[in-house]
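Me: I have a model open and would like to learn how to read its features one at a time. Could you walk me through it?

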Protein chains: 2
Amino acid sequence: MLFFTQCFGAVLDLIHLRFQHYKAKRVFSAAGQLVCVVNPTHSLKYAPTRCAAVQTSTEQGVLPPCHHHEAVHDPQLVPCTCPLFSCPWEGHLEVVVSHLRQTHHINILQGAEIVFLATDMHLPAPTDWIIMHSCLGHQFLLVLRKQEKYEGHPQFFATMMLIGTPTQADNFTYRLELNRNQRRLKWEATPRSVLECVDSVISDGDCLVLNTSLAQLFSDNGSLAIRIAITTSKVHNAEAEI
Amino acid sequence: MLFFTQCFGAVLDLIHLRFQHYKAKRVFSAAGQLVCVVNPTHSLKYAPTRCAAVQTSTEQGVLPPCHHHEAVHDPQLVPCTCPLFSCPWEGHLEVVVSHLRQTHHINILQGAEIVFLATDMHLPAPTDWIIMHSCLGHQFLLVLRKQEKYEGHPQFFATMMLIGTPTQADNFTYRLELNRNQRRLKWEATPRSVLECVDSVISDGDCLVLNTSLAQLFSDNGSLAIRIAITTSKVHNAEAEI
């Protein structure tokens, strides 16, 4: 009897854990700021496909022409820009957002400033946390990736890509901000276009990079809050650089 | 004759290079901001001495009691806090600054906001760029270190330490800012006390960390400009964290 009770308890625990892990992305507003809880997805991309080839060539220091799908004949068609899956879809840039929402179930949020709350930071690499952000009449893709560039030393890479052309991307500045434990880290840059491939941005390290110990310092109970803001880049460009 | 002319030219070039490399730290004011040119010093610390032992134990994940010199009997005496050399000096905290200036020739600058311009970023690790900064009635030690935590992958670590006790350090916030090529990276934190050992702060990664590619993006002609500001931490603490 005790054995059955224990089994039932274990099954309940498993269901609870599964619910915790796969629950839908939640959005709530804390102190007037839109907070979006983003659960991790184990990256399935490194299967022997197009993107596995990309990964290999970036490791060798050669940037792949990632924005040209091998099968693209119409230059107006772009491949699926989802960083998670090797998807054979291709279509016009204008319908990438609806493809990402419908096929890959990537959530989209509205608002000039949002807080991206990535849960379960302890999960092993490779893991991605992804959301779309609609702002200033455009859609952006925010990618946080846990990856082992050096074996045994996972790092976190965060970047924002415009779902648009590189010329359109030049008009914006995005800011990612971490703030906890009397430490603050801010990264500001021009977003890259999704046509430029998120893998190469992360391989280049041209994004916010966190080692595990810093990520822990900025985390609260296994979740990392990243405050995101997007502005038009006029002000940024006009400011004098050092 | 041609041979002697060429030899003479080569000797002149060498003298010029040596002068370029070892010239004194220069300070000039650009656009009202104090810019301090800091030349690198190849770290001589990893000789088989006290600090070599420190390095080994931090690699094993054990933080050494770095602030207690083995030979210290008077608890009011502190060891030399220079991160470059294993120096047998010990004295009261109040005279650490004059020891660092006189014995280790570390420059000191005045001003609430300065620009630390580290030259020759391409030099191999381990290399340190060090300056003292006098501000708000206290002296701070700014350390930029190039180090290979993972073999073959040098990284840059920047931190600011108060030449004072941990309790005094809690009253301040320091900010390091990089700004170039439409990218901006800001790190804000409470300075650590020099009694806590700069090596362990860097081993923990609790500082501004830059990989080589980011350092190159922020560099201009091999020099990295870091804008430094120190404030009292009341404002920082009062701000709501995410």
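**Reading strands, symmetry and interface**

Reply: Gladly, and let us begin with a pair of strands. Strand β8 (residues 127-135) of chain B runs antiparallel to strand β9 (residues 138-150) of chain B, and nine bridges join them. Please keep in mind that this is a predicted model.

Me: Which residue of β9(B) stands opposite B:H133?

Reply: That is B:F140. It helps to have the general idea in mind as you follow such a pair: in a regular strand the side chains alternate between the two faces of the sheet.

Me: What happens in the hairpin of β8(B) and β9(B), and how many residues lie between the strands?

Reply: Two residues lie between these strands, and B:L136 takes a positive phi near 50 degrees in the hairpin.

Me: Which strand does β9(B) pair with on the other side of the next hairpin, and how do the two run?

Reply: The partner is strand β10 (residues 153-162) of chain B, which runs antiparallel to β9(B) and is joined to it by nine bridges. To find the register, look at B:Q147, whose bridge partner in β10(B) is B:Q155. The hairpin of β9(B) and β10(B) also has two residues between the strands, and here B:G152 takes a positive phi near 85 degrees.

Me: Let me step back to a whole chain. How many helices and strands does chain A have?

Reply: Chain A has seven helices and 16 strands. Of its 242 residues, 50% are buried. Contacts tell you about the fold as well: among those in chain A between residues at least 6 apart in sequence, 59% join residues at least 24 apart.

Me: Could we take one residue as an example? Is A:S219 buried or exposed?

Reply: A:S219 has a relative accessible area of 12%, so it counts as buried, the cut-off being under 20%. This serine lies in strand β15 (residues 219-220) of chain A. Leaving aside neighbours within four places in sequence, A:S219 is in contact with A:M121, A:R180 and A:L224.

Me: Now the two chains together. What rotation superposes chain A on chain B?

Reply: A rotation of 180 degrees does, with 0.0 Å of shift along its axis and an RMSD of 0.0 Å. That is the relation of a two-fold axis. If you want to find the axis in chain A, go to A:K186, whose C-alpha is the nearest to it, at 2.5 Å. Both copies use the same surface, as 100% of the contact residues of chain A recur in chain B.

Me: How do I read the size of the interface?

Reply: The general idea is that the size of an interface is often given as the accessible area lost when the parts come together. In this case about 3200 Å² is buried between chain A and chain B, and carbon and sulfur atoms give 47% of that area. Counted by residues, 37 of chain A are in contact with 37 of chain B.

Me: How many residue pairs are in polar contact between chain A and chain B?

Reply: The count is seven pairs, taking residues that are both at pLDDT 80 or more. Several elements give two or more residues to the side of chain A that touches chain B, among them β10, β11, β14, α6 and α7 of chain A. The largest share of that side comes from β12(A), with seven residues.

Me: And what should I look for in salt bridges?

Reply: In general, side chains of opposite charge can pair when their charged atoms come close. Over all chains the structure holds 16 salt bridges, and two are found across the interface of chain A and chain B. One salt bridge joins A:R183 and B:D206, at 2.7 Å from N to O.

Me: What about a pair inside one chain, such as A:E177 and A:R175?

Reply: Their side chains meet in a salt bridge, at 3.9 Å from N to O. A:E177 counts as buried at 5% relative accessibility, whereas A:R175 counts as partly exposed at 25%. In chain B, the closest N and O atoms of B:E177 and B:R175 are 3.9 Å apart in a salt bridge. There B:E177 is buried at 5%, and B:R175 is partly exposed at 24%.

Me: Which residues are joined into one network by salt bridges that share partners?

Reply: Start from B:R192 and B:E196, whose side chains meet in a salt bridge at 2.9 Å from N to O. B:E196 is partly exposed, with a relative accessible area of 28%. Shared partners then link A:R183, B:R192, B:E196 and B:D206 into one network of salt bridges.

Technical notes. Residues numbered from 1 in each chain as written. Chains lettered and ligands numbered in written order. Predicted model: local features only at pLDDT ≥ 70, side-chain atom pairs only at ≥ 80, totals over all residues. Heavy atoms only, no water. Pairing = 2+ DSSP bridges. Helix = DSSP H or I, 4+ residues; strand = E, 2+ residues; numbered from the N terminus. Buried < 20%, exposed > 50% of the residue type's maximum accessible area, 1.4 Å probe, protein only. Contact = heavy atoms within 4.5 Å. Least-squares fit on C-alpha atoms with pLDDT ≥ 70 in both. Buried area = accessible area lost by both parts, 1.4 Å probe. Salt bridge = Lys/Arg side-chain N within 4 Å of Asp/Glu carboxyl O. Polar contact = N/O pair within 3.5 Å; in protein donor to acceptor, adjacent residues only side chain to side chain.
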